[in-house]
Amino acid sequence: MQHFVNQIVEALKERSDLSGWTVRHIQTRGAQVYAVPQGIESQRAVDNERYIIDVLRSTSTTDGSPAVGSGDASLLPGDDIGRAIDQATLVAGLVANPVYGLPGLAAFPEVPLCDESLQKDASTVMWEVMERVRTAAAKQPDVRLTAAECFGEVRNMHLVNSRGIDAWQESTQIDIEFVLHSRKGDRESETFDELSRRRVVDLDLEAVIEDGARYTLDSLEAEAPASWQGPVVLRKSALTKFLAGGSLNGSVIQNLASASSKYASLSQWEVGKSVFRGEVKGDPLTIWANRVMPFGAASDRFDAEGLPAQRVELIRENVLVTFAASQRYAEYLKIPPTGAFGNIELPPGSTPASTLLAEPYIEIVQFSWFNPDPITGDFATEIRFGYLVENGIRKPFKGGQLLGNYMDALADVHWSEETGFFGSYFGPHTARFNELKIAGQE
Amino acid sequence: MTDMKLPLAMAELRPALGEILGQGLERAPYFSVLLSSRHGLTIRVDNREERVTERAPSAGTVLSAFDGGTNFERALGGFNLGEIQSAARDLVSGISFQKYTPQPESERRGDFVTLVQVDPLKLSIQEKLDRCRELHHRAKGRDPRIVNVQVIYNELNEHSVFADSSADLAQRVQRVNMFLVVVVAGEGGDVRYDYRAKSGSAGWEVLAWSDEDIQHTVDGALALLSAERIEPGEYRVITTPGVSGTICHESFGHGVETDMFLKERARAAHFIDKTVGSPLVNIADDPSQPGSYGSYFFDDEGHMAAPTQIVEDGVFRRGITDRYSAAALEIPRSANGRRQDYSRKAYARMSNTFFGPGTSTLEDMIAQVDHGIFLDKWSSGMEDPQGWGIQVTCHYGHEIKGGRITDRLFAPIGISGYVPDVLQSITAVSNVLEMDGGTCGKGHKEAVPVASGGPHLLLTARLG
């Protein structure tokens with residue numbers, strides 16, 4: 001439907017009442033396979049195609065100062081182009097925000113984003129992935145796979161804007177979730193895990209399922225924890241949830257380091273100043289927002305505005321270097337635009353992971369949902385499963401609440417020198433928070 | 001005359017659904033067609049900027065073929081007759097269906113529309129924007145410590161047409177919500193915020209803000225500047241209807257979605273007709289509740305909306321179903337087969353889930369607490385149907401001392417514990433029923449609009 005994009009572009013070019021516009025043509029095709037203990041519950045093939053128009057229109061404030069308004073509209077193939085542009089233009093004329101523009105033409109990096117096999121045949125690939133999940137789970141003694149969902153999607157985006165950008169990108173995305181269940185007498189336990197990757201080859205399913213099986217069996221023996229104050233260790237997927245957030249929420253870092261939060265007075269961070277409110281007792285914190293990470297779950301060549309992907313140093317040794325900024329908020333704050341946040345990257349720490357596991361400590365394997373307040377960073381989050389490790393014994397527990405403040409926790413943490421790639425996070429695979437509190441049974 | 005306002009392409013396609021059904025039923029034991037369109041509008045006004053944006057729309061067709069074992073689906077964007085006919089042919093011709101006789105269903109026919117007094121689709125965007133600006137104006141200057149006030153208006157317009165061999169249904173469901181967020185900064189630069197929301201399957205008539213509503217939100221944000229962290233432990237607690245609803249939603253809402261029974265993920269499956277809470281506990285899910293945010297007339301699998309009594313006088317009676325789990329478990333269906341949109345499958349999902357009201361007054365309940373916590377406002381929750389653990393996070397709560405609520409504030413507060421223990425500990429239930437609108441995920445995805453609520457509850461729980 002390249003023809004339809006051209007029609008939209010030509011129609012927009014004729015509009016003298018617009019100061020800028022962007023058109024995105026987004027096509028997705030995918031396959032979904034769902035399993036229950038009895039077999040395959042559902043298989044689905046899903047297609048989608050739409051066009052999104054964003055327009056800017058010069059307006060003025062009540063005192064006559066120059067301003068700008070924005071509007072948008074979506075179209076399905078064959079929809080009325082003129083009507084959609086009229087609607088977006090009408091909306092843009094209603095608001096008067098400080099003036100900003102659209103990104104100009106730039107070089108877009110080549111970022112590997114695709115799984116070639118998925119591009120060719122998403123349905124077959126997702127059936128194969130489901131079979132891998134079922135086979136790997138079947139090898140685990142005393143554990144059953146009770147649910148699994150495997151989604152694969154190929155996504156194409158063509159972006160054209162009034163400042164000369166005319167760019168394409170194609171990406172693939174695989175989302176897997178599964179549940180392992182075990183029973184011993186009248187006790188039952190389960191573990192839930194989820195993975196998002198660009199490529200099948202990056203799905204370490206067998207290892208993840210082996211870990212999940214062990215946690216499921218250990219969970220049968222788990223009791224509520226005693227209260228604890230001291231070292232807490234997060235590894236791999238739990239650490240990724242802590243740093244990168246999840247599908248329901250972004251991370252605290254992502255929120256406080258965003259230019260839109262700064263502009264809305266929600267973030268008190270200042271460029272050139274420490275991001276911490278007190279003394280830093282642990283390793284210094286350095287963070288990149290990285291959209292060029294090969295096969296990163298949040299990587300791209302360009303974002304929805306057309307800003308090229310880059311690796312942005314946000315925090316260097318505890319000091320804020322810049323905010324992650326869209327074109328709009330970059331102009332408002334007079335800082336360089338960086339585009340969407342992307343993946344989170346940390347440098348390797350200086351301590352071997354084995355040293356970070358000095359006993360005693362608590363390891364949290366799974367949170368119910370780690371969802372700190374995005375502005376204050378305070379959290380009180382239930383622990384789904386973890387271990388108290390002391391005297392060479394790993395004692396499983398479930399329940400209890402991890403209490404604290406996100407930034408205070410990051411001010412007293414040591415990172416492993418060993419790193420790993422976890423979809424939307426690349427960096428140390430183990431972190432030891434030196435002084436966290438768990439509210440357990442008295 | 002019912003003002004469906006069906007999108008034109010959907011309206012034009014509807015007469016052809018019989019023919020498409022016929023194609024599917026030539027080979028599939030059960031076949032259905034769902035046309036689904038969801039679009040809407042978001043308006044944001046704050047101290048520094050305004051935005052009017054379209055909510056990411058979805059519009060597409062779901063063809064479903066079911067043989068009692070597997071549900072085969074083809075989901076296509078848009079409503080192109082030729083593409084849908086071709087997809088229906090391809091879907092059923094490529095499958096070797098097992099023999100299956102679907103449960104007979106009564107004839108269901110009709111067009112249904114949410115009753116609204118002030119129809120959002122009849123107000124211009126300018127009028128809606130001006131109403132948001134007016135609320136913002138009323139809130140922003142109330143205290144010098146306010147650094148931002150955000151007004152966020154969301155409008156969701158859902159149209160569905162469903163057809164199978166015994167159904168020809170259409171509905172227009174209109175949902176609105178509005179948030180007022182007040183952000184304040186203390187002397188040390190600490191930022192705190194409070195918020196209040198109004199919502200419903202309704203029109204603008206439910207979005208009226210009194211001065212008391214606004215001032216209460218401002219006062220809440222300012223009070224949070226001096227909030228403390230609570231000493232972890234077991235407390236006597238009074239929950240507001242919003243917090244009660246979140247407890248209900250995460251425990252005997254998610255915990256009784258019968259697809260989770262099928263996946264052996266729900267402990268409730270072993271508790272049918274057994275006691276799970278105090279005799280004061282009654283829990284229901286009701287998509288037909290007029291005006292509540294999670295309401296609809298029929299679910300995404302064509303089952304007519306009706307209430308389901310989940311817990312009756314402390315005894316667990318039944319769960320809520322989608323078509324697949326009801327068939328596999330051989331239990332009666334309820335109208336809870338819902339999709340995030342056409343691109344996702346239907347699961348057993350909640351609609352409006354709530355504790356039934358009791359007979360106590362709030363004043364009497366507070367007077368019963370010598371030392372405890374009044375949990376004012378929830379911020380999030382997460383389910384654990386297998387472990388029956390509970391995670392509900394509250395934005396803040398007040399101290400209760402000597403039978404009175406004090407000014408001492410704690411934030412945030414997490415509620416944790418074992419669901420039956422929490423429900424068994426309920427000793428008083430107030431005589432009100434209030435619902436909060438929100439969005440519910442299945443695990444970490446599959447967002448659908450829901451409401452949850454109830455009365456005030458007096459219970460014992462671990463807080464941290």
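Two strands are said to pair if DSSP finds at least two bridges between them. That criterion underlies the strand partnerships followed below in chain B of this predicted model, before attention turns to the domains of chain A.

A convenient point of entry is S416(B), whose bridge partner in β22(B) is R462(B). On strand β16 of chain B, Q391(B) stands opposite this serine, S416(B), in β18(B). S416(B) thus has a named partner in β22(B) and another residue, Q391(B), facing it. The strand that carries S416(B), β18(B), spans residues 413-418 and is mostly covered, with five of its six residues buried. Its pairing with β16(B), which comprises residues 389-401, is antiparallel and extends over six bridges. With β22(B), residues 457-463, the strand β18(B) also pairs in the antiparallel sense, here over two bridges.

A second set of pairings in chain B involves β1(B), β2(B) and β3(B). Strand β1(B), residues 30-45, runs antiparallel to β2(B), residues 50-66, and 15 bridges join them. The two strands form a hairpin with four residues between them. Within this arrangement, S36(B) stands opposite G60(B) in β2(B). Strand β2(B) pairs in turn with β3(B), residues 71-77, again in the antiparallel sense and over seven bridges. Here A65(B) stands opposite F72(B) in β3(B). The hairpin of β2(B) and β3(B) likewise has four residues between its strands, and in it G68(B) adopts a positive phi near 85°.

In chain A, the subject is the arrangement of domains. The chain is divided into domain 1, covering 2-219, and domain 2, covering 222-439. Their C-alpha centres lie 24 Å apart. Across the boundary, 30 residues of domain 1 of chain A are in contact with 26 residues of domain 2 of chain A. On the side of domain 1 that touches domain 2, at least two residues each are supplied by β1 (20-36), β4 (144-161), β5 (166-184), β6 (187-197) and α5 (205-220) of chain A. Of the elements of chain A, β6(A) gives the most to this side of domain 1, with four residues. Classified by residue type, the side of domain 1 of chain A facing domain 2 has 16 nonpolar, eight polar and six charged residues.

Key:
Residues numbered from 1 in each chain as written. Chains lettered and ligands numbered in written order. Predicted model: local features only at pLDDT ≥ 70, side-chain atom pairs only at ≥ 80, totals over all residues. Buried ≥ 20, exposed ≤ 12 C-beta atoms within 10 Å, placed from the backbone. Domains from an automatic or database assignment. Contact = placed C-beta atoms within 7 Å. Nonpolar A, V, L, I, M, F, W, Y, C, P; charged D, E, K, R; others polar.
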